[in-house]
Amino acid sequence: MDARALAALAANPGCRRRALLDGAGVDKGALARALGAPAAFGQSQFAHQRGNSFEARVKADRGEELLRLLHERLRDGSAAPEPGAAATPDLTATGPQGRTARTALALREATAAGRWALLDHPMVSLDVAGSPAFLEPDAVVVHPDGSWTVIEIKSFPMVDGSADPAKVGAAARQSAVYTLALERVAALIGEPPEAEKEAQDAHNTPATPETSHTPDTPATSKTSKTPVRARVRHDVLLVCPKDFSNVPTAELVDVRKQLAVTRRQLTRLTRIEEIAAALPEGITFDLRLTDDGRTPTRPAEELTAAVDAVDAAYAPECLSTCELAAHCRARSRAAGAVESLGRGVRGELGGLTTVEAVLSAALGEAAGPGAEPTGDPAVDALRRAAALRAEALASHEAAACR
């Protein structure tokens, strides 16, 4: 799972299908193509290369331009980072667990040093439905005061100081996932080591005649400064090209709302072990690829049965975030489920779960201008709407005849 998948999963926590497939590492794009419903979204190769080129430009020269943009947008009165003074620790390690541990160590050291530091593609982890997810932000900046800022670099343009609200919202949700994972790291390393605590306590204890020393004694060297506490800022720096150029510009994005939603929704997810335990014996999503690793040989009927064995919670918003959305939409429409019309419509219809039930309630024999209220607000509202529609159509036909 990456941050984009987690953000989409947090927006739709009731979808067990996505939780299981992402947790198992199933290639949903390849699965959707094998089902005959390929995803209609994605990034082109050209856009991917352009994004990599722009990110490399932003991080050039030890991230001087990136740090300048961050300090310029903060406007907090802090001293500007001097050119070449920021630390850029090496985060190389073996495996995701090793990189996660190396990142935590680098964050601890940079925070304790009390200086600017830029972590390029650090790795943090987050527990999602009982399964670890390893996440890789574009960058994290450590401030001299011990705070951390998530850096999100995107290739979509920022024209006249503003960008596409939908894309900014998606970037904010993705950054909220990184922020949530970093808060876990900050909680683990935020407390000063015991040795530093003891030194601080000794420094804060009032001197007595028995323990006082002159400035020339070695005892004065035992005092230490107050340890810097680690914390994650809720303002994420979004870096984008300026006015379709390759020149970077940036704005701070407050992700507290997205952070609260993500934290709440991820706690509602059913554990992946529980979802898997409820499946029929022998269910697999293996495509049985040929030797070239590209062509699936498994019949589409078998794949469809395997996918349908896991409950989904389709909504139109899935079309822009999930590779299986086209398949889920087709199955939802075939079943006549009202979820295919949107969450708002589903919420208004109450106990009416199918389009057939909705039409029956609105156009049934008991429906009409003089029908008595049924006591069901959804049914009564549907009947009033059907009566108004019939009246409007009748008046239109009468006006056409004249």
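Two helices count as roughly perpendicular when the angle between them falls in the 65 to 115 degree range. Keep that cut-off in mind for H7 and H9 in this predicted model. Beyond that pair, there's a nonpolar surface patch with helix H14 as its main contributor, plus a couple of odd phi values in helix H5, at Asp 61 and Arg 62.

**Helix packing**
- H7 covers residues 165-189 and H9 covers residues 256-267; the two pack at about 70°, with 9 Å between their axes.
- That angle of about 70° sits inside the 65 to 115 window, so H7 and H9 are roughly perpendicular to each other.
- As for handedness, H7 goes past H9 in a right-handed crossing.

**Nonpolar surface patch**
- Five residues make up the patch: Leu 341, Val 345, Val 355, Leu 359 and Leu 363.
- Together they put about 440 Å² of accessible area on the surface.
- H14, running over residues 355-363, gives the most, with three residues.
- Val 355 belongs to H14, and its relative accessible area of 33% makes it partly exposed.

**Positive phi in H5**
- Most non-glycine residues have a negative phi.
- Asp 61 goes the other way, with phi near 55°; it's part of H5, which spans residues 60-74.
- Asp 61 is also exposed, at 60% relative accessible area.
- Arg 62 isn't a glycine either, yet its phi is positive at about 60°.
- Arg 62 lies in H5 too, and at 43% relative accessibility it counts as partly exposed.

Terms used: Residues are numbered from 1 along each chain as its sequence is written. This is a predicted model: local features need pLDDT of at least 70, side-chain atom pairs count only at pLDDT 80 or more; totals for chains, interfaces and linings use all residues. Side-chain values use heavy atoms; hydrogens and water are left out. Patches are made of residues with over 30% relative accessible area and no salt bridge: like charges are joined within 9 Å, nonpolar side chains (Val, Leu, Ile, Met, Phe, Trp, Tyr) within 5 Å. Accessible areas come from the Shrake-Rupley method with a 1.4 Å probe; for residues, only the protein chains shown count as cover. A salt bridge is a side-chain nitrogen of Lys or Arg within 4 Å of a carboxyl oxygen of Asp or Glu. Helices (H or I, at least four residues) and strands (E, at least two) are DSSP runs, numbered from the N terminus. Buried means under 20% relative accessible area, exposed over 50%, partly exposed in between (1.4 Å probe, protein chains only). Axes are lines fitted to C-alpha atoms, for helices over the stretch in contact, and angles run from 0 to 180 degrees between N-to-C directions. Angles under 35 degrees count as roughly parallel, over 145 as roughly antiparallel, 65 to 115 as roughly perpendicular and the rest as oblique. A crossing is left-handed if the near helix is turned anticlockwise from the far one by less than a right angle, and right-handed if clockwise.
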